[in-house]
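Look at the chain and its ligands before you read on. This short report walks through a few places worth finding in the viewer.

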Amino acid sequence: MNVELQCCALFIIFTITVMFLREKKLDLMNRRLFFRAICACFACLIFDILSVILINMSVFHGFSPFITGIVCKFYIMLLVLQGYFGYVYASTSLLPQDRTWANVARVFSHLIFGVGEVLMLVFPIGFTAYGRIVYSYGPSTSVAYALSAIYILATITITIAYRKQMPGRRFMAMLLWQGIWLLAAVIQFIDPELLLVGFASSFGMVILYIQLENPSEFIDSSTGLFTTNALSAYVHDKYRFGKRFSMFTAKIHFLTNYVDYNMEQDAVIRTARALVALGPEPAFRIDDDTFCVLYDDKDRMFERAANIKMQKDGVTDIPAKGTYLLIPDSLEMSGPDEFFRFLHTYLECEQEIVIANEELVLKLRRQNRTKELIEDALKNDRVEVFYQPFYNVKESRFNVAEALVRIRRENGDIVPPGEFIPVAEESGQIIPLGIRVFEKVCKFLARGEAQKYGLDQIEINVSAAQFDYENPAKFIFDYMEKYKIDPKWINLEITETAAAQNRDIMIRNMMRLIEKEVSFSLDDFGTGRSNIDYFVNMPVKTIKFDYTFTRSFFNNEKTKHMLTGMVDILHKIGMDVVAEGIETKEQMMVMQDMGVEYIQGFYYSKPIPEEDFLSFLAGKN
Ligand code: C2E
Ligand code: MG
Ligand code: MG
């Protein structure tokens, strides 16, 4: 009897089902739909085999044609069910959730299916067999062919239309699956002796299983926890269907000076076990040292997290500490992208425990907008440099200026650096931004006009991150060479934050530049961001008193004495002093009397654009 292929297919599908059921699974919509599709395929194959047997028995041995007809109908109804499930599997993850047309399409596909199944049940069916050829015919069978064709074509269409939304592998797997099915149907139609459809559908399931529902990608081999890929799929699934969840994340920091690799691995595995033992909720390993557990509601999360804390306190054999991130309500974030951005940002922060709330999410959004602003400004040349002149007390002229960066918005508004420098420092954008500022200053100096009006030097601010990699001096040399800049025209302002991170690299870089006669100042002195240690040990020639410090001179007796004494000491060790933030004539006079070398402040000028600065110099010097 012509059932060999179907029997093979049955065996394949049975194997997949067993494997699928045995593996550790996440409750994902796709997985549920895939399992439904496997079940439909399984049932369809059984009825396929049964119908071939019964048709033979009816035709050759007089078995009840009525019962055979019913079985044949069940077979084709299940065949359509399979096509329908295939379509649902593809469309659920692709069609948008919130569009009317998509909902109409959804209802329509259900409706076609329902009506089709009823028609197949009530319409007459015939069957025949001769030699190895066995088939059914009649209106009922025609409906089945038509509907299967509709679902296969609809699935292929959706897959192609939304190919940008899925990884290439998913796209190929879906097309292959449906293509094989279509091809088998056509071959079987042309040559009814080749009963290929059942085999093709089980083969399709193998492709889906291996390529898309593959468990190995979702399981971390060393801990048995779910992987980052699994987390991504899970979180996307939850947001897609508007389901709230809570998340507990722990990052272990091993104090690696004391721990060897094996002990560390052992500790990782024990952590994983402890997480799994905490309950049936899915636990993930999202980085070498970072784990998380997802809960359906926040009360449960807080209750379990308290347990984890207790366990942690009990572990004493390995020197480690943890940072914890708790997200009580996932819907605080707008979607998976923001969710993962939040996760990455706050896992890296220094705090031991972070609990996500509206305020933190809003902060993240602001930061993200700022990042986009910087990126956009760099791309569209909307980074500008303003100049603020310093008054040289001894020479009674303006011979130095500070370069201060601004971003011009599309509408012409100016964004001050306080709004974007901290974000740029955190995101690393300070590197291209710093290079841009430096180039603009070089271009300005290359014009030579400022020098004509008596300008000797421009001071440029440098952040920690700009000096934190091996050869940051390179771009400085490159631009100085390109624009023929005399290194004496350049002075770099650094702060304690700049110096704190990697002092050795920093000093090495400074020395390289000093060799070429670029000089340095210490900025923000008196704010706690700079201190005595820095000017004693750093190769700087000028100290800049921060404006909060000079301001305090005028309303705090103690500061007054300190500042006066400080100027004295600095002069004794051969340093120059810049007083920042001088806004009134009275303040200016006091600073002059105290003997500072330079005065910077709104009293003389605010930071102004290039052309205004040239006019200023032309007028004053
Ligand atoms: P800073 O280097 O200490 O710059 C001095 C700041 O004090 C400037 O603010 C300046 O406008 C302001 N200022 C000067 N005189 C007065 C005054 O009399 N009264 C008052 N109230 N303020 C005065 P700005 O331009 O907003 O810059 C703020 C900070 O942004 C700078 O502080 C510097 O740390 C950073 N920054 C600016 N440009 C750059 C840059 O190109 N690279 C880096 N890394 N940081 C920069
Ligand atoms: Mg400065
Ligand atoms: Mg300053």
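A donor here is an N, O or S atom within 2.8 Å of the metal, and water is not among the atoms, so sites may look incomplete. Keep in mind that this is a predicted model.

## Two magnesium ions

Start with the metals. The magnesium ion (ligand 3) and the magnesium ion (ligand 2) are 3.8 Å apart. D523 coordinates both ions.

Which residues hold the magnesium ion (ligand 3)? D523 and E580 do, through OD and OE atoms respectively, at 2.0 to 2.2 Å. This pair links distant parts of the chain. D523 is in strand β13, residues 519–525. E580 is in the loop between β15 (576–579) and α22 (585–594). Along the chain, 57 residues separate the two. Both D523 and E580 are buried.

The magnesium ion (ligand 2) is coordinated by E402 (OE), N461 (OD1), E493 (OE) and D523 (OD). The distances again run from 2.0 to 2.2 Å. Along the chain, these donors follow the spacing E-x58-N-x31-E-x29-D. Two of these residues, E493 and D523, also link distant parts of the chain. E493 sits in strand β12 (residues 490–494), D523 sits in strand β13, and they are 30 residues apart.

Are E493 and D523 buried or exposed? The cut-off for buried is under 20% relative accessible area. E493 has 1% relative accessibility, so E493 counts as buried. D523 has 5%, so D523 counts as buried too.

## Strand β11

Now move to strand β11, which covers residues 457–461. Three of its residues are worth a visit: Q457, E459 and I460.

Q457 counts as buried because its relative accessibility is 11%. Its side chain makes a polar contact of 3.2 Å with the side chain of S519. Beyond its sequence neighbours up to four places away, Q457 touches several residues, among them N399, V400, K488, W489 and K541.

E459 is buried because its relative accessibility is 3%. A polar contact of 3.1 Å joins the side chains of E459 and N491. With residues up to four places away left out, E459 touches residues including E402, E493, S521 and K544. Two of these contacts, E402 and E493, are also donors to the magnesium ion (ligand 2).

I460 counts as buried because its relative accessibility is 3%. Leaving aside neighbours within four places in sequence, I460 is in contact with A403, V437, F438, V441, I490, N491, L492 and E493. How far apart are the C-alpha atoms of I460 and F390? They are separated by 13 Å, with their positions 70 residues apart along the chain.

## Helix α4

Next, find helix α4, residues 100–122. This helix has 23 residues. From its first C-alpha to its last it reaches 33 Å, close to the 33 Å expected at 1.5 Å a residue. Which residues of α4 are buried? They are A102, S109, F113, G116, E117 and M120. The buried residues of α4 pack against α3 (65–92) and α5 (139–161).

## Aromatic rings

Finish with the rings. A pair of aromatic rings is described by the distance of the centres and the angle of the planes. A search of the whole structure finds 36 aromatic pairs. Take F339 and F340: their ring centres are 5.3 Å apart and their planes stand at 90°, so the pair is edge-to-face. F339 is buried, with a relative accessible area of 0%. F340 is buried as well, with a relative accessible area of 15%.

Other rings gather in a group. F20, F34, F35, Y89, W177 and Y209 form one aromatic cluster.

Some rings have a lysine over the face. Two such cases are listed here.

| Lysine | Ring | Distance from ring centre |
|---|---|---|
| K24 | F226 | 4.6 Å |
| K516 | F477 | 5.1 Å |

To close, return to the metals. D523 bridges the magnesium ion (ligand 2) and the magnesium ion (ligand 3).

Definitions and conventions:
Residues are numbered from 1 along each chain as its sequence is written. Chains are lettered from A and ligands numbered from 1 in the order in which they are written. This is a predicted model: local features need pLDDT of at least 70, side-chain atom pairs count only at pLDDT 80 or more; totals for chains, interfaces and linings use all residues. Side-chain values use heavy atoms; hydrogens and water are left out. Donors are N, O and S atoms within 2.8 Å of the metal (3.2 Å for Na, K and Ca); water is not among the atoms, so sites may look incomplete. Helices (H or I, at least four residues) and strands (E, at least two) are DSSP runs, numbered from the N terminus. Buried means under 20% relative accessible area, exposed over 50%, partly exposed in between (1.4 Å probe, protein chains only). A polar contact is a pair of N or O atoms within 3.5 Å; within protein, one must be able to donate a hydrogen and the other to accept it, and residues adjacent in sequence count only if both atoms are side-chain atoms. Contact means heavy atoms within 4.5 Å. The expected span of a helix is 1.5 Å times one less than its number of residues. Rings of Phe, Tyr and Trp (its six-membered ring) pair if their centres lie within 6.5 Å; planes under 30 degrees apart count as stacked, over 60 as edge-to-face and the rest as tilted. A charge sits over a ring if NZ of Lys or CZ of Arg is within 6 Å of the ring centre and within 35 degrees of the ring normal.
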